[in-house]
Amino acid sequence: MSVWNYVVTAHKPTNVTHSCVGNFTAPNQLNLIIAKCTRIEIHLLTPHGLQPMLDVPIYGRIATLELFRPHNEAQDFLFIATQRYKFCVLQWDAESSDLITRAMGDVSDRIGRPTDNGQIGIVDPDCRLIGLHLYDGLFKVIPFDNKGQLKEAFNIRLEELQVLDIKFLYGCSKPTIGVLYQDNKDARHVKTYEVSLKDKDFVEGPWSQSNLDNGAGLLIPVPLPLGGVIIIGEETIVYCSATAFKAIPIRPSIIRAYGRVDADGSRYLLSDHTGLLHLLVIIHEKERVTGLKIENLGETSVASTISYLDNAVVYVGSSYGDSQLIKLNLQPDAKGSYVEVLDRYVNLGPITDFCVVDLERQGQGQVVTCSGAYKDGSLRVVRNGIGINEQAAVELEGIKGLWSLKSSTDDPHDTFLVVSFITETRFLAMNMEDELEETEIEGFDAQTQTLYCQNAINDQLVQVTSNAVRLVSSTSRELLDQWNAPAGFSVNVATANASQVLLATGGGNLVYIEIRESKLVEVKHIQLEYEISCLDINPIGENSTHSSLAAVGMWTDISVRIFSLPGLELLKQENLGGEIIPRSVLLCAFEGVPYLLCALGDGHLFSFQLDISNGALGDRKKVSLGTQPISLRTFSSKDTTHVFAASDRPTVIYSSNKKLLYSNVNLKEVSHMCPFNTAAFPDSLAIAKEGELSIGTIDDIQKLHIRTIPLGEHARRICHQEKTRSFAICTLRAASTEDMETHFVRLLDDQSFDIISTYALDAYEYGCCVLSCSFAEDSNAYYCVGTAYVLPEENEPSKGRILIFAVEDGKLQLLAEKETKGAVYRLNSFNGKLLAAINQKIQLYKWVAREDGSHELQSECGHHGHILALYVQTRGDFIVVGDLMKSISLLVYKHEEGAIEELARDYNANWMTAVEILDDDVYLGAENNFNLFTVRKNSDAATDEERGRLEVVGEFHLGEFVNCFRHGSLVMRLPDSDTGAIIPTVIFGTVNGVIGIVASLPHDQYLFLEKLQGNLVKVIKGVGGLIHEQWRSFNNEKKTVDARNFLDGDLIESFLDLSRVKMEEVSKTMGVPVEELCKRVEELTRLH
């Protein structure tokens, strides 16, 4: 039964809805604060760019985000209001680096019609009150007392019912608002009102301005000394105050985002709906405004918010494309643009559609999304793991080891790449043309296999082979000293750092050698009872060239041992159990925490926390990374150390919030890897895989890897066809001049993502859905596209088409088309036939062969009874329909009668945005108040009436607008993971760019996690005093009910980020040990 569901975010929201700049974390620190709908990020502006300080979830959808500074305060406070009428005031606490709540409350009214144009929240520039416009005809005031504390709120009647914007004006002795509104004749005006706190009422303000531009939609209050307000229209921009009125015409555009440049408000950045950035200048003589001037600076993403930071650096937050950090240059570039993009921040929103595919055929799902809108439209390939981008490659067979060397100790870049083979060693170096070519290091032995190579102190290099250790000058490349293995013994394994060498010869001999100036000194030699399989002396203490500990992996007793250096005294022995020997050990530090990693020959990896002072090991954990032996190496990316585990499933090990994370890499088997940081390829890795050596750069180290395919147009629907290795997408391109949009069906290669074929739709014809399918008597793969003719004079489309394409020689060939009496919202493959949702009916077509061998669609039967059938899923003979406003209904196809009948429906009025079938009896729906719910079919109920009703069994407020559900998974399902039975998952994509998972759990696991969630709510408090139960309660215009049969996975998984003290608190009330809790929650994190 899929009644018990676990909802978790795999990719956090990336749609930037608000941003503001101020001194929040300290009086002298400039912060950028970004809201991404349900999350807040706080960044610090540093000379090197933006440095993240905090990223926290908010239990609400953020409607207002404003910084303000009450009297007598040295730094700013943050005011947040949510769409469900909660508000809070937050202050930064420097000691704990966290947010503290100064004030909180609920500003909802029992009666009142929520505003159509969204909530408005504003703070008086002199901090006398906060104003909110939440319901038509009401302006809510929250006054401050003289100590900066908030007093009780009250409402003032507002005559203007259709409010477009409200702002506080600067420099008024009494708090004054400007109201931009539309009257009942659709004309637009601005009025000003003084707020009288004593009388709790409005007083006529100093000025008003009537009959503005019909598209006026935005007010910008101008600070003193100028005062007044700028009114942004679609064709004019007006400056207005009690004493002046200036207007300039602009090219028709819709401007929604602005950012103030100067504190005195004489310059503003404006961004329009096409992503053009303009500078608006108020020309003034002292305090008298004489005119306005606007100039085009260049193009950015379509902005939802603009924050001017400092030194001509601007943050452009976007809902429709990637957000950007840009610099405004004084001189234009070759294309005439003053905009230079410094940094891009990936945004998947809005995800209008996606499909789940396994492109690399490695058994790992990837999600390909239709993301962004208008000119910022793109496809994004999202998958678990880290991408390595190959820069160069050369064919080399049989590589046994790789090391990079510098030509001198303080050289920032690597020069040599040492490549070891069974019978020889070769040396590669970068030449002047940035090509790798063979070179020689005279003092090294090239006629034998190298076991280890290392830069040593005092411009020396060290090479360990099976018979000797050689010390060579890195400048003259001459041999300085040599240590030879004892007669009859050969070196089996070796390791080194800048001042020490540790090696093992046959017979369990362990030899410790120190590197001095031009000299190798054997310091200590001990004999162990078993052979040694691997060694490491990577320095992780204070001294970066010298280690006080050695890690040694053993044959026979399958143990890992920690010895002290230089004395080689045994400090700790840890038996690993099992039969498989350790193949690679590594001492490393993540986020300042020392670890010992130990990899076995069967792909398992042990991790221990290490106490450097006494070699003690704790917090033992075991994970499976692959099935082949693993070799471990450290590398650094963006000044942070990570570990690369080379094996048949290469993995990067990194740490976040003091927790080790494992991310797979987009490469097939890797046998060896070493960092190779050259001038030509900075921060690169040299990688040995089957038959070749390649140099690659590594992407950002994160759990999800996102590849972007910019389209320059809006992709609305996508579908993959395995047989032809292609994608079909429905896109639209807005023409630059007229309001005409052109719609296309495009065919893309599924490896290169190049567009290989295009079919243009008719004028006014929209692509509504695309499907890959084959038919009953015809096993060829076809693409079916459903369209609608959207005519300006029609409320609902009265005509559409179903187009059937085949892919022949990489081209789309139209084989058949069928005209329909409405928009084809959905197409599904159904028992070898084609099921279409057309306006209010469901229609079934069969694929019939004509005499000449061609085919056509013939209508078989249909079912009326929907308002608009927008979403359809099928399973067997059952059809689940999501209606525009009548929730979910269940239909069945009767073979004998050849008819479709309704079996049951949900009688609630839910406006659906997506549906999916979880199992035969349980169906999942998402609706436009950001809720999820599940319904169950009562097939064994006693009466017809009960059988005809779909019973609501689960309800949950997701806080996200879901556009699409698909069965599938983002992770490799490893057979050896302890979860045993595979948990079925559904992936969803939302307007905010969230990719999430709904996992159906077994009942006993659900009950355990429900208890854990109940305990976590008491320990983890919401930011701003917002309450988790209220946030997750199902909420629409009619009702608010507590969530049931859904668990909040994000809350449950945040257990892993708690401090040990808090973990123990939860563990005590649960009566389950901390380790067991961690293990059970970590298993859940593997679902995504």
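Good morning. The structure holds 50 salt bridges, and I should say at once that this is a predicted model. Side chains of opposite charge can pair when their charged atoms come close. I will go through three of these pairs and one network, and then turn to the surface and the backbone.

The pair I take to begin with is Asp136 and Arg113, whose closest N and O atoms are 2.5 Å apart. This salt bridge links distant parts of the chain, 23 residues apart. Asp136 sits in the loop between strand E11 (129-133) and strand E12 (138-143), while Arg113 sits in the loop between strand E9 (98-106) and strand E10 (120-123). Asp136 is partly exposed, because its relative accessibility is 23%. Arg113 is also in the partly exposed class, at a relative accessible area of 46%.

Next come Lys191 and Glu160, a salt bridge in which the closest N and O atoms are 3.2 Å apart. Lys191 belongs to strand E16 (residues 188-196) and Glu160 to the loop between strand E13 (154-157) and strand E14 (162-168), so this pair ties together parts 31 residues apart in sequence. Is Glu160 buried or exposed? Glu160 has a relative accessible area of 4% and is therefore buried.

The third pair is Glu574 with Arg620, with an N to O distance of 2.8 Å. Here both partners lie in strands: Glu574 in strand E49 (residues 570-575) and Arg620 in strand E53 (residues 617-624), so parts 46 residues apart in sequence are tied together. Glu574 counts as buried because its relative accessibility is 13%, whereas Arg620, at 38%, counts as partly exposed. Beyond single pairs, Asp762, Glu765, Arg801 and Glu817 are joined into one network by salt bridges that share partners.

I turn now to charge on the surface. Which residues gather in a patch of negative charge? They are Glu395, Glu397, Glu669 and Glu690. Of these, Glu397 is placed in the loop between strand E33 (388-395) and strand E34 (401-405). Its relative accessible area is 59%, and Glu397 is therefore exposed, the cut-off being over 50%.

A word on annotation. An unreviewed UniProt entry annotates residues 16-344 as "domain: RSE1/DDB1/CPSF1 first beta-propeller". In the model, that span is 57% strand and 0% helix, and its end C-alpha atoms lie 13 Å apart.

Finally, the backbone. Leu224 and Pro225 are joined by a cis peptide bond, with omega about 10 degrees. Pro225 lies in the loop between strand E18 (218-221) and strand E19 (229-232). A cis peptide bond also joins Gly349 and Pro350, with omega about -20 degrees. Pro350 is in the loop between strand E29 (339-345) and strand E30 (353-357).

Two residues with positive phi remain to be mentioned. Lys286 is not a glycine, yet its phi is about 50 degrees. Lys286 occupies the loop between strand E24 (276-285) and strand E25 (288-299), and it counts as exposed because its relative accessibility is 78%. Ser518, likewise a residue other than glycine, has a positive phi near 55 degrees. Ser518 is found in the loop between strand E44 (509-516) and strand E45 (519-527), and with a relative accessible area of 34% this serine is partly exposed.

Thank you for your attention.

How values were computed
Residues are numbered from 1 along each chain as its sequence is written. This is a predicted model: local features need pLDDT of at least 70, side-chain atom pairs count only at pLDDT 80 or more; totals for chains, interfaces and linings use all residues. Side-chain values use heavy atoms; hydrogens and water are left out. Patches are made of residues with over 30% relative accessible area and no salt bridge: like charges are joined within 9 Å, nonpolar side chains (Val, Leu, Ile, Met, Phe, Trp, Tyr) within 5 Å. Accessible areas come from the Shrake-Rupley method with a 1.4 Å probe; for residues, only the protein chains shown count as cover. A salt bridge is a side-chain nitrogen of Lys or Arg within 4 Å of a carboxyl oxygen of Asp or Glu. Lys and Arg count as positive and Asp and Glu as negative; His and the chain ends are not counted. The place of a charge is taken as NZ of Lys, CZ of Arg, CG of Asp or CD of Glu. Helices (H or I, at least four residues) and strands (E, at least two) are DSSP runs, numbered from the N terminus. Buried means under 20% relative accessible area, exposed over 50%, partly exposed in between (1.4 Å probe, protein chains only). UniProt positions are given in the numbering used here, feature names are shortened, and annotations may be inferred rather than shown by experiment.
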